[in-house]
Amino acid sequence: MLGNQLKSLSFQVAKHGSLFKVGSNNAIRQFSKISRTSLATNTTTGELHVSTPIDPPSLHPPEGSSVSLKNSSRDDSQFGTRPIYLDVQATTPTDPRVLDKMLEFYTGLYGNPHSATHAYGWETDKEVEKARGYIADVIGADPKEIIFTSGATESNNMVVKGIPRFYKKTKKHIITTQTEHKCVLDSARHMQDEGFDVTYLPVNEQGLISLDDLTNAIRKDTILVSIMAVNNEIGVIQPLKEIGKICRENKIFFHADGAQAFGKIKLDVNEMNIDCLSISSHKIYGPMGIGACYIRRRPRVRLDPIISGGGQERGLRSGTLAPPLVCGFGEAARLVKEEMEYDQAHIHKLSEKLKNGLLSIPSTQLNGSPDPASQYAGCVNISFAYIEGESLLMALKDIALSSGSACTSASLEPSYVLHALGADDALAHSSIRFGIGRFTTEEEIDYVIKAIHERVDFLRKMSPLWEMVQEGIDLDSIEWSGH
Ligand SMILES: Cc1ncc(COP(=O)(O)O)c(C=O)c1O
Ligand code: FES
């Protein structure tokens with residue numbers, strides 16, 4: 001297929017180290033380590049400031065080009081120069097205000113929140129309950145409906161395995177989609193091994209499911225519909241309210257993986273009839289290793305816990321809570337609610353700028369939905385035809401980016417999410433995800449637009465396929481030998 005031809009014809013990229021070679025038509029270019037600008041974090045406001053360049057730029061632009069790159073990224077003292085961070089779907093930088101909150105628990109408030117017999121336990125417990133309240137507040141839930149877990153992976157496992165197991169005597173069917181996060185897909189496969197049937201709904205070319213498909217897939221023994229709110233690779237937002245309505249009418253539990261949605265788009269579990277919602281702290285500027293699952297109490301959702309023990313968290317998730325993480329997460333949720341409007345406006349503005357800047361490059365395509373109501377602005381996924389995404393990432397070492405999800409980023413396989421949209425291998429191989437967050441600055445976006453223009457141009461000049469396209473050759477008419 002075209003993607004493999006692209007791979008073998010165009011580039012051989014030595015993945016490690018700061019030097020790499022790009023070769024085709026006997027042309028070998030060497031890039032040396034790209035230097036960076038300095039960004040400093042103001043620890044009270046959390047603002048990042050671009051300061052003066054530290055190193056002169058050392059990228060060798062293509063021959064004959066007058067391009068010279070500005071320095072681009074940050075120096076947080078002990079870590080040296082670092083790239084601009086545009087991978088907020090993988091994780092977000094911790095908000096300094098969250099860290100301030102967490103420190104209280106590593107110094108004074110060290111009691112076990114489950115210790116009911118003394119003040120150390122009570123004071124920590126009070127803080128834990130405040131955090132639970134802040135999280136519930138973001139989604140219109142009752143604090144009692146928030147169960148702390150280690151993250152969205154655990155929450156997804158808890159629901160996708162736990163609910164069907166509880167109801168297994170009468171119900172045998174689960175519905176999900178082809179573009180879920182791996183932890184939902186793997187949990188669903190696991191349930192198939194346990195004897196359940198799973199329907200994996202297809203998506204259209206924008207990544208959206210069809211409500212008719214959902215309705216048609218429902219059976220008498222369907223127990224659970226698990227559909228993610230915002231996709232982590234392309235940012236598309238599923239029609240949650242409509243899905244919730246269909247589920248409620250059919251008395252089926254509706255679980256949404258909200259890892260990329262919580263605090264980013266407006267979610268109301270009652271308005272949307274969501275029965276379970278997976279939440280992750282490190283996607284909202286909170287600490288890693290903590291998350292939650294919203295589990296509805298009325299009508300009550302029952303599930304078989306995957307972790308048994310002391311019966312904490314309404315018996316649904318045993319184990320001593322980690323107050324520094326829980327309360328850091330709570331603070332992150334409080335901030336995300338307070339600043340959602342501001343964050344959304346900031347992200348939207350930068351997203352528009354980035355999209356306009358990058359889509360002006362010829363032969364590019366935006367993946368996801370063009371409808372703002374169905375698309376989260378902070379996730380911009382673009383395919384650059386005739387370029388391998390991996391080669392582009394290698395040529396963009398001054399910008400931290402990914403071609404898809406973090407957990408599959410070590411693999412060179414094209415994204416299964418883009419495949420599900422109907423993208424061919426070549427397009428899937430040439431896509432890059434740009435994540436914009438609270439701390440992304442306009443200067444960074446300006447830098448990124450310029451850098452991508454230059455390097456796409458450079459890599460395409462190396463590409464025999466691009467050369468052929470420029471000469472007017474229809475690539476589809478070519479019979480490639482081998483695969
Ligand atoms: C959509 C989605 N679901 C689940 C997860 C897993 O979250 P966590 O890292 O909290 O386990 C992620 C994180 O990448 C995600 O993007
Ligand atoms: S071209 Fe066949 S897998 Fe990429």
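**Exercise 1.** Determine what share of the residues in the chain is buried, and what secondary structure the chain has.

*Solution.* In this predicted model, the chain has 483 residues, of which 47% are buried. Turning to the secondary structure, one finds 13 helices and 18 strands. Among contacts with a separation of 6 or more, 71% are made by residues 24 or more positions apart.

**Exercise 2.** Work out whether the span of helix α12 agrees or disagrees with its number of residues, and list its buried residues.

*Solution.* Helix α12 covers residues 442-462 and holds 21 residues, and because the expected span is 1.5 Å times one less than that number, it should come to 30 Å. The end C-alpha atoms of α12 are 31 Å apart, which agrees with the expectation. Buried residues of α12 include Glu444, Ile445, Tyr447, Val448, Ala451 and Ile452, and further along the helix Arg455, Val456, Phe458, Leu459, Arg460 and Met462 are buried as well.

**Exercise 3.** Describe how the chain is divided into domains and what each domain gives to the contact.

*Solution.* Domain 1 takes in residues 2-93 and 340-477, while domain 2 runs over 96-335. To the contact between them, domain 1 gives 28 residues and domain 2 gives 28 residues. On the side of domain 1 that touches domain 2, β16 (379-384) and α10 (416-420) are the elements that supply two or more residues, and this side divides into 8 nonpolar, 18 polar and 2 charged residues.

**Exercise 4.** Identify the surroundings of ligand 1.

*Solution.* The shell consists of 14 residues, the closest being Gly151, Ala152, Thr153, Asn232 and Ser280. Helix α4 (residues 152-166) gives the largest share, 3 residues. By type, the shell has 5 nonpolar, 8 polar and 1 charged.

Methods
Residues are numbered from 1 along each chain as its sequence is written. Chains are lettered from A and ligands numbered from 1 in the order in which they are written. This is a predicted model: local features need pLDDT of at least 70, side-chain atom pairs count only at pLDDT 80 or more; totals for chains, interfaces and linings use all residues. A residue is near a molecule or strand if its C-beta atom, placed from the backbone, lies within 6 Å of it. Helices (H or I, at least four residues) and strands (E, at least two) are DSSP runs, numbered from the N terminus. Ala, Val, Leu, Ile, Met, Phe, Trp, Tyr, Cys and Pro count as nonpolar, Asp, Glu, Lys and Arg as charged, and the others, Gly among them, as polar. A residue is buried if 20 or more other C-beta atoms lie within 10 Å of its own, exposed if 12 or fewer, and partly exposed in between; C-beta atoms are placed from the backbone. Two residues are in contact if their C-beta atoms, placed from the backbone, lie within 7 Å. Domain bounds come from an automatic or database domain assignment.
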